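Colleague: I am new to this structure and would like a close look at one part of it, with its surroundings explained step by step. Could you take me through it carefully?

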Amino acid sequence: MANISQNIKFLRKKKGLTQQQFADQVGIKRSLVGAYEEERAEPKYELLKQLAIFFDISIDDFINETIDEKWAPKPKGNPANLRVLSISVDKEDNENIEMVPLKASAGYLNGYADPEYVGQLPKLYLPMFKQGTYRGFEIKGDSMLPLQSGTIIIGEYQENWADVKIGETYVIISKNDGVVYKRAGNKYKEGRNLKLISDNPVYDPYEISAEDVLEIWKAKAYISTHMPMPTPEPTMESLTSMMAQMQRSIANLNNSKDVN
């Protein structure tokens, strides 16, 4: 709260605006400006977003940083830049695992950083995930077969996007694509596109701008109502391949013994 009030006052004065001029430009009452700057009230999330845009700074910096003459914004997309994550807790102050169903995916793009919105999402109780911050996302389509449409991916929040590993699966929240579940095709790097790969070969890999990424959640588990299909009967082709592999393994073992 102290950061927000101080930042509003400093940034308003830096623009050379009186409280009344500032109130008129952002469309609020002058009395509210005084209340915010004197820590007698706190702006709602929608107004915080509007003020961040007005002052041309990120909402993360607006909330978390002490903005003064010595302050300098971090470069956009810097993976070391800490991000605001809204969570909810239970009666014992333990983090809930919020669930983002398909019908809420579009709304999640607007409300992912709003504590009130996140607090209204359905909750999952998974006792094996007690340490860390987790969220469930219902996926759509067949791009990640054998996981079916409607599968719930349990993701662990990635605070530092530089930790993204090639070949591992993530739920990526981006401005243009919304909520998607894909494999990472490259490391996250400032100013570089992030390559996303589907497990279903029918779908071609594609890239999204690093600046469009809002959140990254590393896949840790999934929940599905589709039971796995039985292993198909071996074909002559698969048996031949298995035999060839066994022969290569035996040959390699014999070669190792000869060397010793």
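**From the annotated domain to a buried strand**

Modeller: Across residues 8-62 the chain is 69% helix and 0% strand, and the C-alpha atoms at the two ends of this stretch are 9 Å apart. What you see is a predicted model, in which local features need pLDDT of at least 70 and side-chain atom pairs count only at pLDDT 80 or more, while totals for chains, interfaces and linings use all residues. Residues are numbered from 1 along each chain as its sequence is written, and side-chain values use heavy atoms, without hydrogens and water. The stretch 8-62 comes from UniProt, where an unreviewed entry lists it as "domain: HTH cro/C1-type", an annotation that may be inferred rather than shown by experiment.

Within the stretch we can look at helix H4, residues 45-55 (helices are DSSP runs of H or I of at least four residues, strands runs of E of at least two). Tyr45, Leu47, Leu48, Leu51, Ala52 and Phe55 of H4 are buried, that is, under 20% relative accessible area with a 1.4 Å probe. Looking down the axis of H4, one finds these buried residues within an arc of 155 degrees, so they line one face of the helix; the arc is taken from the directions from the axis to the C-beta atoms. After H4 comes Asp56, which has a positive phi, near 60 degrees.

The part I would dwell on is strand S5, residues 169-174, where 6 of the 6 residues are buried, so the rest of the structure largely encloses this strand. In a regular strand the side chains alternate between the two faces of the sheet. In S5, Thr169, Val171 and Ile173 point one way, while Tyr170, Ile172 and Ser174 point the other way, and all of them are buried.

Turning to the partners of S5, strand S6 (residues 178-184) pairs with S5 in the antiparallel sense over 6 bridges, where pairing requires that DSSP find at least two bridges between the strands. The connection from S5 to S6 is a hairpin of 3 residues, and Thr169 has Arg183 of S6 as its bridge partner. S5 is also joined to strand S9 (residues 213-223), with which it runs antiparallel, by 5 bridges, and here Ile172 of S5 stands opposite Ile216 of S9. Taken together, S5 is a buried strand that pairs with S6 and with S9.

How values were computed:
Buried means under 20% relative accessible area, exposed over 50%, partly exposed in between (1.4 Å probe, protein chains only).
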